[in-house]
Every structure is written in structure tokens, then in C-alpha cells.
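Dear colleague,

I am passing on the structure we spoke about, together with some notes on how its parts are arranged. Please have it open while you read what follows.

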Amino acid sequence: MDKKKINCLSSAISIHNLSKTYASGFVALNNIDLEIYHGEIFALLGPNGAGKTTLINIICGIVTPSEGTIMVDGHNTLTAFRAARSRIGLVPQELSTAAFESVLNTVNFSRGLFGKASNPTYIEKILRELSLWDKRHEKIVALSGGMKRRLLIAKALSHEPQILFLDEPSAGVDVKLRRDMWLMVRRLRENGVTIILTTHYIEEAEEMADRIGIINNGEIIMVENKAILMNKLGKKQLALTLQNPLSTLPSELEKFNLSFSDGGKVLIYTYDAQQEQTGIPELLQQLGEHGIDFKDLNTSESSLEDIFVSLVKEK
Ligand SMILES: Nc1ncnc2c1ncn2[C@@H]1O[C@H](COP(=O)(O)OP(=O)(O)OP(=O)(O)O)[C@@H](O)[C@H]1O
Ligand SMILES: [Mg+2]
């Protein structure tokens, strides 16, 4: 492999200085820099209107950027659009497909658009994986919403892309399809496909993603390895259910920053799980010394959702 190719291997998508101001004057993206690495599952999280779809649509050439550059496998999306786009499969957020075509024709047509020779075996394989094979002769109008979504995935995969975008793939999808879809995503990744997804189901990102990007008001506010993010920002809580409800605490306990919940029945201690010393033994000892008895205790860890909500709120 030549040197140029090796250099390209690290980043599947390289975004520099990307901004988008819509004709209305609305700034949807503001100076985005982002690298997506080959073979990773990258989850882009952000509230409604944060700019996720705008970003994806710019990378896929559906929306034009106001400023900045995007390289897809080393191909500039503006000056080498066909080469860049052919590497990408897009499962869009909105359903829009020619209603009166059959499933099979639609998927074959999508493949053809990318100048790929037909490959009935491959198309059959993806339609079977998506449980659409039995529906291959149906017209699209006759499909249910979930089936239409499966079809969008089949279309996106029709030309064997190396990079797959899934924009809100779980919206309106039943549990079985969601599970099938994530199995498929994992399989694709095992075959070297890079996956970028947006989702409002944060537990999904928590389960699937290698890295997480958080976008808010058109700005990327954090990009981090998921495990590091959860370690760094995750807090643990110890909740003690008291024998007798309390409303105040002895001043010696102030340093623990305790709080009450459930009308004084539960005492909550929040601590950093990364610290060498959690402070728990000392807390329990001091509670004992002050005659504060508890009848139950449990610990909990903040989820990615808690972290996400607090980050977006902070900004
Ligand atoms: N064509 C357009 N013209 C003007 N403003 C637009 C256009 N498309 C999107 N916007 C605005 O840009 C912002 C970002 O929209 P975008 O669709 O990228 O958000 P999103 O993060 O995908 O949200 P969601 O989670 O709801 O899908 C929104 O405020 C939206 O109203
Ligand atoms: Mg969107």
C-alpha cells in the first residue's frame, strides 16, 4: 500500500471549519471540526434542531456548506463529489421513496445510481437480512412504516458503502427491527464499515457507540471515547434510607455535601467513583457516631443520558 493510502486510513471523514447558514439567515452549524475514524461506530447526540441532520446532509451532498471542507476517504465532497459520495450509504431521517415502484426495483435502482454492476446475490442477502425478501415484489405504498424504514436501510446498503450514516434509525421502529438493525450494524462494523448514527435513544448510543459526539446549537461541544466520557463525567450516588426521617444534619457532616430526598427519608451522597478514596467508610462511621441509623442502602451510577442532559443544560 502506498503512503498516501496509509495516511487516508486513519480518518474516514475529516471535517474542517464547517459552517452552515441557511438562506433564512439561521446559523445551523458553526465552525465544526470533526474526525471520524475508519471502522468505528460514532454516535452524534444532540437535542432537536441541534444540527445533526444538517451535518449529515452536508457530508452526503444534499445540503451545501457555507464554509469549510469535508474529506471522505481523502476525497473532497465539493471537488470530488462522486468519489466521496460513492463511499457513503445514507439512511435518511425522513421517509421519501417513489411510492409505486417495487421493493426489489427500488433497491436495484439505488445500486445502479452509483454505477455498480448488478449483483442479485448481494441484494438478496441484504433484503433477507432486513426481512424484506418476501416483500420484494410489493409496491412501496403497500409497506408499513417499519418496512419502509427497512427499505431505506436496504437502499443505503445497495452499493456496498464503506461508510454508513443512520439518521435516527430507531424512530418509529419496533423492538424486533431495532434489535435486528443493531445486529446488522455490528456485523457491518466487523466487516470494516464505519458507522455514524444519530439517535434520541441515548441508551442505544451507550450500548453501541465507540465514540460519542455531542452537538448543541450547531456546535460540537464534546467528542469523547464513550468509556472515557462515562468515567470522566459519571458520578456515583449512595442512597441511604433512614430509620427516622431528618430535615437537618450535624455540622460535622457538612463536608460530605449530602442531600435529602423523599421528604428526608433518604440521604444521598454523591461521589466521584474515580477517586482513590470514596469517603464512604468515613461517612458511615460519622453517621454511626451521630446516631443516624439507616435501614437500606444502594448505589447508582449516572447513565450516558444523565451526562448528556447535564452537558447540554450547562451550555
Ligand atoms: N432548509 C432549512 N432552512 C432553514 N433552516 C433550516 C433548514 N433545515 C434545517 N433548518 C434549521 O436548522 C436547525 C438544525 O436542523 P437539523 O435538522 O439539522 O436538526 P437535528 O439536530 O437533525 O434535529 P432533530 O433531532 O429534530 O432531527 C434547526 O433549527 C432547523 O430549523
Ligand atoms: Mg435530524
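Two strands are said to pair here if DSSP finds at least two bridges between them. Please keep in mind that this is a predicted model, and that what I describe below was computed from it.

With that meaning of pairing, strand 11 (residues 236-242) and strand 14 pair in the antiparallel sense over seven bridges, and T241 stands opposite D296 in strand 14. These strands belong to an open sheet of four strands in the order 12-13-11-14, in which the pairing is antiparallel. Its edges are strand 12 (259-261) and strand 14 (294-301), each of which pairs on one side only, and neighbouring strands of this sheet are turned by 25 degrees against each other on average, direction ignored.

There is also an open sheet of six strands, in the order 6-7-8-3-9-10, where the pairing is mixed. Strand 6 (88-91) and strand 10 (219-225) are the edge strands, each pairing on one side only, while the twist averages 15 degrees from one strand to the next. Within this sheet, strand 3 (residues 41-45) pairs with strand 9 (residues 211-216) in the parallel sense over four bridges, and L45 stands opposite I214 in strand 9.

Helix 9 packs on this sheet, where it touches strand 9 and strand 10, and the direction of helix 9 makes about 100 degrees with that of strand 10. Helix 9 spans residues 226-233 and includes K232, a residue that is partly exposed, with a relative accessible area of 48%. Although K232 and I307 are 75 residues apart in sequence, they are 9.9 Å apart in space, C-alpha to C-alpha.

Helix 6, for its part, lies across strand 6 and strand 7 (163-167), and runs at about 170 degrees to strand 6. Helix 6 (residues 145-157) also packs with helix 4 (residues 103-113), at an angle of about 30 degrees and with the axes 8 Å apart. Since angles under 35 degrees count as roughly parallel, helix 4 and helix 6 are therefore roughly parallel to each other. Helix 4 passes helix 6 in a right-handed crossing, and the contact is made by V103, T106, V107 and S110 of helix 4 together with L151, A154 and K155 of helix 6. By class, four residues in this contact are nonpolar, two are polar and one is charged.

With best wishes

Conventions: Residues are numbered from 1 along each chain as its sequence is written. Chains are lettered from A and ligands numbered from 1 in the order in which they are written. This is a predicted model: local features need pLDDT of at least 70, side-chain atom pairs count only at pLDDT 80 or more; totals for chains, interfaces and linings use all residues. Side-chain values use heavy atoms; hydrogens and water are left out. Axes are lines fitted to C-alpha atoms, for helices over the stretch in contact, and angles run from 0 to 180 degrees between N-to-C directions. Helices (H or I, at least four residues) and strands (E, at least two) are DSSP runs, numbered from the N terminus. Angles under 35 degrees count as roughly parallel, over 145 as roughly antiparallel, 65 to 115 as roughly perpendicular and the rest as oblique. A crossing is left-handed if the near helix is turned anticlockwise from the far one by less than a right angle, and right-handed if clockwise. Contact means heavy atoms within 4.5 Å. Ala, Val, Leu, Ile, Met, Phe, Trp, Tyr, Cys and Pro count as nonpolar, Asp, Glu, Lys and Arg as charged, and the others, Gly among them, as polar. Buried means under 20% relative accessible area, exposed over 50%, partly exposed in between (1.4 Å probe, protein chains only).
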